[in-house]
Amino acid sequence: METEEKNYWPLGILSILLIGLSLVVALVVVAIKYTPQSDNSYLHQHTYTDSHINGMLSTYNAFRQAYSLELVNGNQKLEPLFPFYINQNTPLLWLSNRHNNLSLQVQRKDPKALVPTFSVAVLRTKQKTLDLGKVPCSTQEKESTCLLPPFNLPLKGHYQIMLKVDFEGEELPLIQPAYVR
């Protein structure tokens with residue numbers, strides 16, 4: 001009697017398919033178990049930005065026509081921008097880890113315009129947001145000064161200071177990039 005040689009190719013192909021199937025199942029389990037987390041992006045409430053950008057830009061332009069706004073830290077004065085205008089050439093506000101004292105200087109270009117209200121938050125990617133809340137302002141003729149409460153930052157690196165301005169019944173987000181050294 002002659003013995004036939006056995007062909008192991010079908011077993012090899014089946015084992016490769018089973019290994020592939022088990023890897024796909026493992027990847028799906030890992031993807032479900034570790035879902036992506038929110039990165040605290042500054043427009044998390046404005047997911048409709050793409051469809052409403054023209055309205056948001058017109059509100060920002062109306063704000064700039066009625067007010068001049070500067071964020072002051074010591075001798076550094078910077079104008080917070082609408083997020084659409086932020087780029088790599090936007091100047092950074094220099095902060096320290098401890099005892100940051102910032103103020104907002106608001107000048108009304110239109111004397112009939114009311115002083116807007118501001119709320120401030122300090123953002124860092126994948127870190128808890130530092131909410132400074134509503135900022136009290138003192139008004140003199142055409143100029144208002146709003147003093148932010150002193151705050152400390154835990155880490156060095158890039159931050160963003162987000163100003164939410166209540167202007168004409170709308171919430172206008174303004175951003176100032178900052179760096180802690």
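Me: Two strands pair if DSSP finds at least two bridges between them. How do you know that β9 and strand β10 (residues 170-180) are joined?

Reply: This is a predicted model, and its strands can be checked against that rule. Eleven bridges join β9 to β10. The cut-off is at least two, so the two strands count as a pair. They run antiparallel. One bridge sets Leu163 against Leu174 in β10.

Me: What lies between β9 and β10 in their hairpin?

Reply: Two residues lie between the strands. Glu168 sits in the turn, with a positive phi of about 55 degrees. Most residues other than glycine have a negative phi.

Me: What makes β5 and β9 partners?

Reply: Strand β5 (residues 117-123) meets strand β9 (residues 157-167) over seven bridges. At least two are needed, so β5 and β9 pair. The sense is antiparallel. Thr117 stands opposite Asp166 in β9. Ala121 has Met162 of β9 as its bridge partner.

Me: In what order do the strands of the sheet with mixed pairing stand?

Reply: The order is β3-β10-β9-β5-β6, in an open sheet of five strands.

Me: Why do β3 (93-95) and β6 (130-135) count as edges?

Reply: Each has a single partner strand, so one side of each has no neighbour in the sheet. On average, neighbouring strands of this sheet are turned by 30 degrees against each other, direction ignored.

Me: Which order does the open sheet with antiparallel pairing have?

Reply: Its five strands run β2-β1-β4-β8-β7. Here β2 (76-78) and β7 (137-140) stand at the edges, because each has a single partner strand. Neighbouring strands are turned by 20 degrees on average, direction ignored.

Me: How do you know that β1 and strand β4 (residues 103-108) pair?

Reply: Six bridges link them in the antiparallel sense. The rule asks for at least two, so they pass. Tyr67 has Arg108 of β4 as its bridge partner.

Me: Why is the pair of Tyr67 and Phe167 given the name it has?

Reply: The structure holds six aromatic pairs. In this one, the ring centres of Tyr67 and Phe167 are 6.0 Å apart. The limit is 6.5 Å, so the rings pair. Their planes meet at 80 degrees. Over 60 counts as edge-to-face, so that is the name for this pair. Tyr67 is in strand β1 and Phe167 in strand β9, 100 residues apart. Both are buried. Ring pairs also link Tyr60, Phe82 and Tyr85 into a cluster.

Me: Where does Arg124 lie with respect to Tyr159?

Reply: Arg124 lies over the face of Tyr159, at 5.1 Å from the ring centre. That distance is within the 6 Å allowed for a charge over a ring.

Me: Why is Asn73 classed as buried or exposed?

Reply: Asn73 has 17% relative accessibility. Under 20% means buried, so Asn73 is buried. Its place is in strand β1 (residues 67-73). Residues it touches include Leu93, Asn101 and Leu102.

Me: What makes the link from Asn73 to Trp94 a polar contact?

Reply: The side chain of Asn73 reaches the backbone oxygen of Trp94 at 2.6 Å. The cut-off is 3.5 Å, so the distance fits.

Me: Is His99 buried or exposed, and how do you know?

Reply: His99 has 60% relative accessibility. Over 50% is the mark for exposed, so His99 is exposed. It sits in the loop between β3 and β4. Its phi is near 55 degrees, a positive value in a residue other than glycine.

Technical notes. Residues are numbered from 1 along each chain as its sequence is written. This is a predicted model: local features need pLDDT of at least 70, side-chain atom pairs count only at pLDDT 80 or more; totals for chains, interfaces and linings use all residues. Side-chain values use heavy atoms; hydrogens and water are left out. Helices (H or I, at least four residues) and strands (E, at least two) are DSSP runs, numbered from the N terminus. Axes are lines fitted to C-alpha atoms, for helices over the stretch in contact, and angles run from 0 to 180 degrees between N-to-C directions. Buried means under 20% relative accessible area, exposed over 50%, partly exposed in between (1.4 Å probe, protein chains only). A polar contact is a pair of N or O atoms within 3.5 Å; within protein, one must be able to donate a hydrogen and the other to accept it, and residues adjacent in sequence count only if both atoms are side-chain atoms. Contact means heavy atoms within 4.5 Å. Rings of Phe, Tyr and Trp (its six-membered ring) pair if their centres lie within 6.5 Å; planes under 30 degrees apart count as stacked, over 60 as edge-to-face and the rest as tilted. A charge sits over a ring if NZ of Lys or CZ of Arg is within 6 Å of the ring centre and within 35 degrees of the ring normal. Lists of a residue's contacts leave out its neighbours within four places in sequence.
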